[in-house]
Amino acid sequence: MVKIAVTSDNHLDINKQEPAEILAKQTQKILEMNVNYYLIAGDLFNDFKKSMAYVSDLQENLGDQTKVLFIAGNHDMGRGTDFAELESPVNDFYLHNKYVDIPGTDWRIIGHNGWYDYLFARALTQQMLPPSAVVFTTTGLLNNQ
């Protein structure tokens with residue numbers, strides 16, 4: 001079985017977290033859980049270079065057990081980069097405008113730094129969601145369970 005874990009909006013600097021401490025804790029937990037793919041869906045730091053360094057360090061700590069993937073959030077884009085770099089294939093774990101096929105499955109992880117337009121959430125109704133869906137919107141909670 002393939003295990004995929006996803007995180008976003010850690011905001012380590014805004015939340016006044018010690019990056020080295022969090023890196024050690026994340027490494028330990030991911031290894032304990034035997035995660036195959038770890039997707040960081042943006043907003044690690046308010047600085048692209050800091051985010052990329054953190055992801056690189058995490059991948060180094062995890063070795064071959066876990067493939068780390070990263071897309072930039074709006075906060076990551078705020079400093080330490082420019083549009084040309086954001087649109088380029090910076091390294092293997094930067095997933096923007098790339099995809100990863102998960103071996104032995106029909107799954108594909110597609111990376112894109114695009115932002116979600118919350119105006120679409122206003123049109124959601126419970127009838128449009130699968131039975132197990134839980135969605136938080138600006139107008140409240142939609143829960144089909």
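Student: What does Ile40 touch, not counting residues up to four places away in sequence?

Tutor: Ile40 touches Thr7, Val55, Leu58, Val68, Leu69, Phe70 and Ile71. Each is called a contact because heavy atoms lie within 4.5 Å. This is a predicted model, in which local features need pLDDT of at least 70 and side-chain atom pairs count only at pLDDT 80 or more, while totals for chains, interfaces and linings use all residues. Residues are numbered from 1 along each chain as its sequence is written, and side-chain values use heavy atoms, with hydrogens and water left out.

Student: Which residues have the most contacts inside the largest nonpolar core?

Tutor: They are Ile40, Leu44, Leu58 and Phe70, in a core of 22 residues. The name nonpolar core stands for buried Ala, Val, Leu, Ile, Met, Phe, Trp, Tyr and Cys residues joined through side-chain atoms within 4.5 Å. Helix 1, strand 2 (37–41), helix 2 and strand 3 (67–71) each supply at least two residues of this core; helices (H or I, at least four residues) and strands (E, at least two) are DSSP runs numbered from the N terminus. Helix 2 gives the largest share, six residues. A second, separate core has eight residues, including Leu39, Leu69, Ile71 and Val100.

Student: Why is Val55 called buried?

Tutor: Buried means under 20% relative accessible area, exposed means over 50%, and partly exposed is in between (1.4 Å probe, protein chains only). Val55 has 0%, so the residue counts as buried. Val55 lies in helix 2 and touches Ile40, Leu44, Val68, Phe70 and Phe93, not counting residues up to four places away in sequence. Its C-alpha is 9.0 Å from that of Tyr94, although the two are 39 residues apart in sequence.

Student: What makes Thr27 count as buried?

Tutor: Thr27 is at 9% relative accessibility, so the verdict is buried. This residue lies in helix 1. Leaving aside neighbours within four places in sequence, Thr27 is in contact with Leu58, Asn61 and Leu62.

Student: Why is the pair of Phe45 and Tyr54 called edge-to-face?

Tutor: A search of the whole structure finds three aromatic pairs. The Phe45 and Tyr54 ring centres are 6.0 Å apart with planes at 65 degrees, so this pair is edge-to-face. The cut-offs are centres within 6.5 Å, with planes under 30 degrees apart counting as stacked, over 60 as edge-to-face and the rest as tilted. Both Phe45 and Tyr54 are buried.

Student: What makes the aromatic pair of Phe70 and Tyr94 tilted?

Tutor: The planes of Phe70 and Tyr94 are 35 degrees apart, and the centres 6.3 Å. That angle is neither stacked nor edge-to-face, so the pair is tilted. Phe70 lies in strand 3 and Tyr94 in the loop between helix 3 and strand 4 (99–101), so the pair ties together parts that are 24 residues apart in sequence. Phe70 is buried at 0%, and Tyr94 is buried at 0% too. Ring pairs link Phe48, Phe70 and Tyr94 into a cluster.

Student: Why do Lys49 and Glu85 count as a salt bridge?

Tutor: A salt bridge needs a side-chain nitrogen of Lys or Arg within 4 Å of a carboxyl oxygen of Asp or Glu. Lys49 and Glu85 meet at 2.9 Å, N to O, so they qualify. Lys49 lies in helix 2 (residues 48–62) and Glu85 in helix 3 (residues 83–86), so the pair ties together parts that are 36 residues apart in sequence. Lys49 is partly exposed at 46%, and Glu85 is partly exposed at 22%.

Student: How many salt bridges does the structure hold?

Tutor: Three. Lys25 pairs with Glu21 at 3.3 Å between the closest N and O atoms. Both lie in helix 1 (residues 19–32), four residues apart, about one turn of the helix. Arg108 pairs with Asp101, with 2.6 Å between the closest N and O atoms.

Student: Why is Arg108 called partly exposed?

Tutor: Arg108 has a relative accessible area of 45%, which means partly exposed. Its partner Asp101, at 40%, is partly exposed as well.
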